[in-house]
Amino acid sequence: MSTEIKVFPEGFIWSVATSAFQIEGAAREDGKSLFLGKGPSIWDAFTHREGNIADGSNADVACDSYHKAEEDIRMLKQLGVQQYRFSLSWPRLLPNGKPSEVNPKGVEYYNKLIDGLVAAGIEPLVTLYHWDLPLALNDRGGWLTSEIAEWFADYARFCFRTFGDRVKKWATLNEPWTHVSCGYNGDLWVHAPGKFAEFNEWVPYLAAHNMLRAHAKAYRVYDKEFRGSQAGQVGLVNIGLWYEPLNPESEADKAAAYRSIQMQLGWFLNPIYHPEGDYPAIMKQRMKENSEKEGRVTSRLPEFTPEELEELKGSSDFLGLNYYITYLVRDRTEEEMQEKGIRRRLHDAGTMESSDPAWKHFGPDYSPFRSIPWGLRRLLKWIKEEYGNPTVMITENGVPQREAQSDYDKERMEVLSEHIEALHEAIVLDGCNVIGYTVWSLMDNYEWAGGYELLFGLFSVDFRDPERKRTPRASARWYQKVVKTNSLVPILGEDCMDEEMD
Ligand code: PNW
């Protein structure tokens with residue numbers, strides 16, 4: 001790292017993130033059977049089915065944040081962050097997914113949290129959907145039914161109406177790419193709803209299609225019914241993987257990297273951010289050719305109607321970007337295309353992905369997490385060039401550790417530092433329009449299929465303690481200084497653990 005002090009532009013937003021299912025617990029609170037309390041989500045069902053979660057755990061209690069709003073706010077105040085990104089649990093608010101039944105206790109909990117944040121001067125960035133679909137809606141087809149766009153728009157309207165007087169930043173969906181790739185295909189991890197793997201040629205594309213339609217509808221609801229009175233912003237959050245050609249001299253590998261990016265991030269951004277709209281041309285072409293080769297008469301990639309294309313275009317006031325990893329990618333030869341059991345994504349893009357063994361790896365063997373900070377800079381530059389330098393908020397970036405590792409989390413400070421430095425370069429040297437940065441996560445929480453094996457918190461949580469005691473790690477103390485000085489400060493020595501965090 002260079003020694004020059006990296007100061008961020010005035011007004012830069014420092015933030016931390018969580019999501020409802022991963023922290024709240026209280027999975028069956030307030031009388032579910034009468035539909036007066038929280039309804040079950042696809043993740044409640046999934047985690048209670050054997051064999052789905054690495055450590056066999058569930059999130060019935062998780063961080064117990066449903067009962068600890070004050071404590072969570074206290075931690076945020078300690079960090080001094082300007083923004084807190086969290087999500088609303090759709091089934092907690094609307095137990096059967098529809099606004100015809102509202103759970104008043106759920107509304108109460110989020111009111112308390114939002115009021116507390118506003119009183120503390122911390123701006124809420126609220127994600128409407130972070131993967132916890134009401135089970136009742138999944139039973140009627142979930143993301144595979146076209147009706148869900150309306151169901152989601154109704155839920156969004158309910159949230160804008162209920163909380164929009166105080167919430168001025170909304171993200172409709174968290175990472176549709178991950179939700180459909182893992183939830184409907186078992187790529188990377190197997191996630192909820194998780195039983196469609198046998199139809200994985202087309203199911204993820206249909207789910208993604210409906211997620212995009214749902215996003216656009218919710219955005220237009222805000223436009224028409226709330227923007228005038230509430231004057232907030234609505235965006236969506238995507239995960240961006242960066243793809244570097246394995247052999248930078250090879251035209252075939254460069255083309256493979258281009259296809260990979262367009263068929264991952266472009267899949268979700270092109271319809272919204274590209275002046276031409278719709279799915280990326282290269283993706284439509286690949287999907288059509290693949291489908292023809294398979295003897296199909298229509299492409300596995302669904303088509304938008306002209307109205308939907310219009311509704312999607314420009315339907316985002318800011319782009320939430322999550323960044324974790326980069327892959328090396330090369331072209332897949334014709335022979336390699338014939339292999340059995342190729343991952344769907346790689347088959348459809350015609351690519352082979354790998355990692356450089358020199359990249360630092362975190363967590364158990366199955367974990368994809370590695371440190372490639374320069375990938376973030378290249379990704380941001382690509383977004384700037386491809387979509388005309390839109391407003392970007394980094395809505396997640398983080399480093400996992402195993403439970404046994406100490407609260408002096410030197411590695412997390414180092415790796416976050418390197419990413420913040422790359423981000424600074426993207427802003428100052430490349431002119432990327434990035435307005436803020438968010439650490440995943442405020443505290444250790446339920447890491448989906450990884451259970452409690454991968455812990456991302458600036459605060460550790462003792463999951464064996466009924467009180468779920470939270471303790472600031474060194475990285476919390478360090479991030480507090482970054483936020484306070486609006487600059488990248490050196491990581492802290494072990495003696496920082498001797499003092500109380502102020
Ligand atoms: C995010 N990848 O998912 C999610 O938004 C969080 O809920 C989650 O806890 C966090 O990251 C850590 O896993 C990811 O391809 C999706 O590398 C995909 C990747 C990483 C994270």
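The ligand is surrounded by 19 residues (each with a heavy atom within 4 Å of it), and Gln-22, His-130, Glu-396, Glu-447 and Trp-448 are the closest. The model is predicted, so to speak of local features requires pLDDT of at least 70, side-chain atom pairs count only at pLDDT 80 or more, and totals for chains, interfaces and linings use all residues. Residues are numbered from 1 along each chain as its sequence is written, and side-chain values use heavy atoms, with hydrogens and water left out.

Three glutamates make polar contacts (pairs of N or O atoms within 3.5 Å) with oxygen atoms of the ligand. The distance is 2.6 Å for a polar side-chain atom of Glu-447, 2.8 Å for one of Glu-396 and 3.0 Å for one of Glu-175. Glu-175 also has a positive phi, near 40 degrees, although it is not a glycine. This residue sits in the loop between strand S5 (169–174) and H8; helices (H or I, at least four residues) and strands (E, at least two) are DSSP runs numbered from the N terminus.

Following H8 (176–183), the loop leading to helix H9 (203–230) holds Pro-193, which is joined to Ala-192 by a cis peptide bond with omega about 0 degrees. Another cis peptide bond, with omega about 20 degrees, links Trp-440 and Ser-441. Ser-441 belongs to the loop between strands S10 (434–440) and S11 (459–461).

Elsewhere, helices H10 (residues 251–273) and H15 (residues 373–387) have axes, lines fitted to C-alpha atoms over the stretch in contact, that come within 12 Å and cross at roughly 40 degrees.

Terms used: Axes fitted to C-alpha atoms, helices over the stretch in contact; angles between N-to-C directions. Polar contact = N/O pair within 3.5 Å; in protein donor to acceptor, adjacent residues only side chain to side chain.
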